[in-house]
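Please open the structure in your viewer and keep the selection tool at hand, because the tour below moves from one stop to the next. At each stop you will be told what to select and what can be found there.

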Amino acid sequence: MTTDARSDIAPKISFVSLGCPKALVDSERIVTHLRSEGYEIARRHDGADVVIVNTCGFLDSAKAESLDAIGKAMAENGKVIVTGCMGAEPEQIRDAFPDVLAITGPQAYESVMSAVHEAIPPAHDPFLDLVPPQGVKLTPRHYAYLKISEGCHNRCSFCIIPKLRGDLVSRPVVDVLKEAEKLANAGVKELLVISQDTSAYGVDIKYQTGIWKDREIRARFYDLADALSEFGIWVRLHYVYPYPHVDEVISLLADGKVLPYLDIPFQHASPNVLRAMRRPAHHEKTAERIA
């Protein structure tokens, strides 16, 4: 069977990915699953067998964008599976669109695939349905997001993230390094390290160690950053909360092991407001640390 003939019979999925880079990584994983099972990714809703909408539910404006995307998919196709953060609170989606095929929360890859299988079974050919070792990426080839954990163990009074994405769940350090190695081997030149709270990496698993290249490495912010620097590509650290141990990584920046860049949500506000937010940061102490 030729590739063109294969494409003609393969079930087609149209995909919409909304929200932050963490949601984009979720989308990449779902698309990788789809491609490995023989599904084609369509460029348009009309003509696709199913539409998947990966939603964002963090802000009211994001919810409105998600509902608009679902509405467009329903109008142009009618067979829609909804996943992502807004899916963690499905009532608003069901009220607006009672005929969507399925609604799942974020990181629910198996549930999404089950819904796809029910709507349109795969036409899998193991000789043709191949995906690259690093999986399918939705970013340009020169950079990729590397998600090291899910969820968050903080309970800031204003934040809905733990309700949407759950508690902190850190990936084993060896799994993270294996993925990074595959990305580097595929030609990626810059790794963007992301999670909800990158500097809390490993807290939930008590910084357990793993064996990588015949040596032990702890699942800890500094140790992971140091290990990632060995792949010879740029490493950029995102969503780094300024806990005291973050200062240790400055030496890696100074030595050129990771990029001299830290994406940190510094707090510049009244201490009373920060206490009401249940945020530990204090702007005077932060200013002292920067100095």
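Begin by selecting Arg-236 together with Tyr-261: Arg-236 lies over the face of Tyr-261, at 4.5 Å from the ring centre. Please keep in mind throughout that what you are looking at is a predicted model.

**The sheet S6-S9-S12**

From there, select residues 234-237, which make up strand S12, and add strand S6 at residues 143-147 and strand S9 at residues 190-194. Together these belong to an open sheet of 3 strands, in the order S6-S9-S12 and with parallel pairing. S6 and S12 are the edge strands, each pairing on one side only. If you look from one strand to the next, the twist averages 25 degrees. Between S9 and S12 there are 4 bridges, and the two strands run parallel; to see where they face each other, select Glu-190, which stands opposite Trp-234 in S12. Now add residues 21-36, helix H2, which packs on the sheet and touches S6 and S9, its direction making about 95 degrees with that of S6.

**A helix that is mostly covered**

Next, select residues 221-228, which form helix H8, and turn on the surroundings: this helix is mostly covered, with 6 of its 8 residues buried. Those buried residues are Phe-221, Asp-223, Leu-224, Ala-225, Ala-227 and Leu-228. Which elements do the buried residues of H8 pack against? Their partners include the three strands you have just visited, S6, S9 and S12, and also strand S11 at 215-218, helix H7 at 173-185 and helix H9 at 250-254.

**Aromatic rings**

Now show the aromatic side chains, among which the structure holds 3 aromatic pairs. One of them is formed by Tyr-143 and Tyr-145, which meet edge-to-face, with 6.1 Å from centre to centre and 85 degrees between the planes. How do the two residues stand with respect to the surface, buried or partly exposed? Tyr-143 has a relative accessible area of 23% and is therefore partly exposed, whereas Tyr-145, at 13% relative accessibility, counts as buried, because the cut-off for that word is under 20%. Another pair is that of Tyr-241 and Tyr-243, which is stacked, the centres being 6.4 Å apart and the planes making 20 degrees with each other. Of this pair, Tyr-241 has 17% relative accessibility and so counts as buried. Before leaving the rings, select Trp-212 and Lys-213, where Lys-213 lies over the face of Trp-212, at 4.8 Å from the ring centre.

**A loop with positive phi angles**

Move now to the loop between S9 and strand S10 (209-212), and select Lys-206, which lies in it. Lys-206 has a positive phi of about 55 degrees although it is not a glycine, and with a relative accessible area of 72% this residue is exposed. Tyr-207 lies in that loop between S9 and S10 as well, and Tyr-207, too, is not a glycine but has a positive phi of about 55 degrees. With a relative accessible area of 29%, Tyr-207 is partly exposed.

**Around strand S4**

For the last part of the tour, select residues 80-84, strand S4, of whose 5 residues 5 are buried. Both faces of S4 are covered, with Val-80, Val-82 and Gly-84 on one side and Ile-81 and Thr-83 on the other. Add strand S3 at residues 50-55, which pairs with S4 in the parallel sense over 5 bridges. The chain crosses from S3 through helix H3, residues 60-76, to S4, and this β-α-β crossover is right-handed. A place to check the pairing is Asn-54, which stands opposite Thr-83 in S4.

Then add strand S5 at residues 102-103, which runs parallel to S4 and is joined to it by 2 bridges; here Ile-81 stands opposite Ala-102 in S5. The chain crosses from S4 to S5 through helix H4, residues 91-96, in a β-α-β crossover that is right-handed.

Finally, select Met-74, which lies in helix H3. Leaving aside its neighbours within four places in sequence, Met-74 is in contact with Val-80, Phe-97, Asp-99 and Val-100. The C-alpha atom of Met-74 is separated by 8.5 Å from that of Val-51, a residue 23 residues apart along the chain.

Notes:
Residues numbered from 1 in each chain as written. Predicted model: local features only at pLDDT ≥ 70, side-chain atom pairs only at ≥ 80, totals over all residues. Heavy atoms only, no water. Buried < 20%, exposed > 50% of the residue type's maximum accessible area, 1.4 Å probe, protein only. Pairing = 2+ DSSP bridges. Right-handed = clockwise from strand over helix to strand, strands pointing away. Axes fitted to C-alpha atoms, helices over the stretch in contact; angles between N-to-C directions. Contact = heavy atoms within 4.5 Å. Phe/Tyr/Trp six-rings, centres within 6.5 Å; stacked < 30°, edge-to-face > 60°. Lys NZ or Arg CZ within 6 Å of the ring centre and 35° of its normal.
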